[in-house]
Structure formats: structure tokens, C-alpha cells
Amino acid sequence: MRLGFLVVGLTALCLAASGCKKEQSGEGTAKQGVKEQRPLRMGFFPNITHGQALVGNASGAFQQAVPGIEMKMFNAGPAAMEALSAGSLDVSYVGTGPAINTFLKGGRELRVIAAAADSGAVLVTKTARTPAELKGKTLGTPQLGNTQDIALRHWLGQQGLKVGQDVTVTPLSNPDILGLFLNGRIEGAWVPEPWGARMVAEGGGHILVDERDLWPERRFHTTVLVTTQKTLKERPEQLKQLLRAHVELTRQWQQQPDTFISRVNEAFGKVTGHPISEPILKDAFSRLQPALEVTPGQLQQAAEHARQLGFIASSDLSGMVDDSLLREVMGSQGPPAPRDAGP
């Protein structure tokens with residue numbers, strides 16, 4: 001009799017406790033441990049060398065590919081890489097110089113997952129037509145130790161010219177470089193596009209060095225897409241969705257360059273308030289090329305130049321490139337366009 005009352009009592013307690021029956025049948029546990037993932041955060045710059053980022057953001061292509069993605073605009077590579085290293089950014093378009101520096105000085109956590117743009121940097125001068133004529137002159141670069149600064153200093157060394165003794169190299173913002181060049185206060189500068197094209201068109205400048213001439217196949221990575229080892233591990237599906245959009249945008253540039261370039265300029269005008277004139281735009285893009293596949297040798301050469309100049313202690317980039325997701329995405333979307341496609 002006592003056993004019967006005990007069974008009835010336990011049954012009543014179980015029915016009264018919410019979810020007891022579900023726990024017995026295995027239900028009610030499906031939502032345990034589920035945590036809503038925060039949005040993917042991506043960085044980019046208001047530069048035409050970040051063409052896919054500008055068009056992808058303005059057209060909503062990234063937002064459609066990765067719902068909830070947060071786009072963050074930066075004005076300089078080091079600031080974006082600081083955010084990436086601090087964990088407040090997950091992925092970013094950036095120049096090779098800041099990417100290499102962050103990899104070597106930030107615990108080798110950064111990963112290059114795709115290329116975006118190749119070439120598009122020049123040394124423009126006002127009067128000099130030979131390296132020897134640069135003696136006693138002042139040249140500008142966008143930032144001490146950045147991609148163009150390293151390129152200029154390395155090239156000057158190859159010409160037998162010593163920085164600080166034969167030639168003065170001054171870090172300046174690109175707008176300041178243009179203004180000082182127009183006023184005749186600097187001889188020239190090593191700059192990315194469209195600043196080179198603007199110095200030629202607006203200041204009567206002369207292209208003394210097209211950086212393409214210094215590289216094999218006349219190509220060098222200007223912009224790459226980077227993330228961290230942690231993000232690769234925790235968010236592979238979101239990164240693949242992002243890369244699908246990046247590949248599609250790059251193929252638009254490769255296959256319909258005129259249309260894509262116009263879209264870049266429209267997006268550039270929206271974020272800066274100053275679209276580029278058609279002649280300057282076409283001249284600038286004539287020295288830029290779309291890119292997808294990463295060439296580790298190009299990154300290695302850039303790192304070696306920086307090491308020789310004393311900006312970094314080591315040029316060992318082993319492990320920096322991880323293109324596994326890109327290869328997976330490109331494999332699912334068919335073969336890539338020819339590497340020399342585009343303007």
C-alpha cells in the first residue's frame with residue numbers, strides 16, 4: 001500500500017515539474033549549449049585598390065552573402081591590423097606591408113586568405129628624369145614603413161642613393177603629398193593609385209618608376225584579404241560566404257572591367273565625397289590588376305626588403321598564407337579567369 005502511494009506521489013511531482021516529461025523523452029535539450037554568434041566584422045579602406053570592398057559594401061553584396069556583417073572603414077593599415085590583433089575585427093582588406101608586419105610582430109596569428117589587387121604604385125617626379133637627379137631632393141611616401149615607403153627606400157639603395165644623406169624621404173598623407181607636389185615643395189613621391197595618376201594629371205608629374213617593372217611578370221600584391229587563425233577555426237562557413245562574394249566581385253572586374261571600374265568610382269565618391277575624374281580613373285586602373293590567388297613568393301620578397309631596411313627582424317613568413325577556403329570556394333564556382341585578365 002505504501003509503495004502505491006509512493007508511485008502516485010512521484011508521478012504527480014514529475015507532472016508538476018515543467019519539462020520533466022520532455023527530459024525523460026530526450027526533448028528540451030536541443031537548445032542547450034546554443035549561443036547566438038555575433039556578426040562578422042570586416043575592415044576596408046576608402047581606396048580604389050580596395051575595389052572589391054568598395055563595390056561589395058555599396059551594392060550590398062557582402063551583406064547578402066554574410067547576413068549581419070559589420071563593415072568598418074579605416075584610413076590606414078596599421079589601425080586596421082591593431083583592431084584585428086585586438087579581436088575587434090575578424091577579417092580585412094589591407095596592404096601587404098601592414099599584413100607582414102602584423103604577422104611577424106603579432107605572434108604569427110594573422111592569415112592571408114586571398115589576394116585582391118596587384119600593382120598600382122609609382123614614383124612620380126616633377127623635374128628628375130634619372131635617379132642621379134634625385135640627389136638633394138625631398139620625396140614623400142604615405143607612411144613610414146608602409147608598402148610604398150619600403151619600396152622607395154629599397155629602390156634608392158639599389159641606385160646607390162642614401163636616405164638622409166643623398167635624398168630626404170618624408171612620410172606624408174596622400175592628400176598632403178599631392179598638395180606639396182602641386183606647390184613645388186617636394187620633388188615627388190612613391191604612391192599608390194589614384195594618387196600617382198593625380199600627380200601626373202594635376203601636377204604635370206613624370207612617372208620615373210612604375211613599380212611593376214621591378215617585379216617578375218610585372219605583378220606584385222598591393223591588397224590582400226586577411227583574417228586570424230582563431231577566426232578561421234571558429235567561423236569557416238562565414239569566411240567561405242565572404243570569399244564567394246569576393247571571388248564574384250573579382251571576376252566582375254576581370255570580365256567587365258569598364259563597368260566594374262565605374263562602380264568602384266561611384267562607391268569611392270559616396271564614402272569620400274569626391275569621385276575621381278574619368279581620365280584620371282582610367283589612367284590609375286591601367287596600372288592596377290584584379291587578383292585572387294596568393295603568390296607567397298611576392299610576400300616573401302616584400303618581407304625581405306623590409307628586413308634589409310631594418311623595419312623587421314625576420315622575413316620568415318612560413319604559415320602566413322592559408323588559401324584552403326579560397327581553393328574550396330573557387331573549386332565550387334568553376335575555374336578562375338585567366339590571371340592576366342583585366343586592364
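**Close-up 1. Helices α3 and α11 make a right-handed crossing.** In this predicted model, helix α3 spans residues 51–59 and helix α11 spans residues 236–255. Their axes come within 10 Å and cross at roughly 110°. Angles of 65 to 115 degrees count as roughly perpendicular, so α3 is roughly perpendicular to α11. To find the contact on the α3 side, look for Gln52, Val55 and Gly56. Facing them from α11 are His246, Leu249, Thr250 and Trp253. By class, the contact of α3 with α11 holds three nonpolar residues, four polar ones and no charged ones.

**Close-up 2. Helix α3 also meets α12.** Here the axes of α3 and α12 come within 8 Å, and they cross at roughly 70°. The two helices are therefore roughly perpendicular to each other. From α3, the residues to pick out are Gly51, Gln52, Leu54, Val55, Ala58 and Ser59. Their partners in α12 are Phe260, Arg263, Val264, Ala267, Phe268 and Val271. Sorted by class, the contact of α3 with α12 has eight nonpolar residues, three polar and one charged. If you have just come from the first view, Gln52 and Val55 will be familiar: both belong to the contact with α11 and to the contact with α12.

**Close-up 3. The largest pocket holds about 770 Å³ of space.** Its lining is made up of 36 residues. For a good starting point, find Asn47, Asn75, Asn174, Pro192 and Trp195, which lie nearest the centre of the largest pocket. Several elements supply at least two residues each to this lining: the helices α5 (77–86), α7 (147–158), α8 (174–182), α9 (195–203) and α12 (257–272), together with the strands β3 (91–95) and β10 (221–228). Of these, α9 gives the most, with three residues. The lining of the largest pocket divides into 16 nonpolar, 17 polar and three charged residues.

**Close-up 4. The second largest pocket has a volume of about 610 Å³.** This pocket, too, is lined by 36 residues. Nearest its centre you will find Gly97, Pro98, Gly145, Asn146 and Ile150. Two or more lining residues come from each of α5, α6 (96–105), α7 and α14 (296–308). Readers moving over from the third view may recognise α5 and α7, which each supply at least two residues to the lining of the largest pocket and two or more to that of the second largest. The lining of the second largest pocket comprises 17 nonpolar, 16 polar and three charged residues.

Terms used: Residues are numbered from 1 along each chain as its sequence is written. This is a predicted model: local features need pLDDT of at least 70, side-chain atom pairs count only at pLDDT 80 or more; totals for chains, interfaces and linings use all residues. Side-chain values use heavy atoms; hydrogens and water are left out. On a 1 Å grid over the protein atoms alone, a cavity is a set of points where a 1.4 Å probe fits but cannot get out, and a pocket is an open set with protein on both sides within 12 Å along at least five of seven lines; lining residues have an atom within 4 Å of a point. Grid points are joined across faces, edges and corners, and a volume is the space filled by probe spheres set on the points. Helices (H or I, at least four residues) and strands (E, at least two) are DSSP runs, numbered from the N terminus. Ala, Val, Leu, Ile, Met, Phe, Trp, Tyr, Cys and Pro count as nonpolar, Asp, Glu, Lys and Arg as charged, and the others, Gly among them, as polar. Axes are lines fitted to C-alpha atoms, for helices over the stretch in contact, and angles run from 0 to 180 degrees between N-to-C directions. Angles under 35 degrees count as roughly parallel, over 145 as roughly antiparallel, 65 to 115 as roughly perpendicular and the rest as oblique. A crossing is left-handed if the near helix is turned anticlockwise from the far one by less than a right angle, and right-handed if clockwise. Contact means heavy atoms within 4.5 Å.
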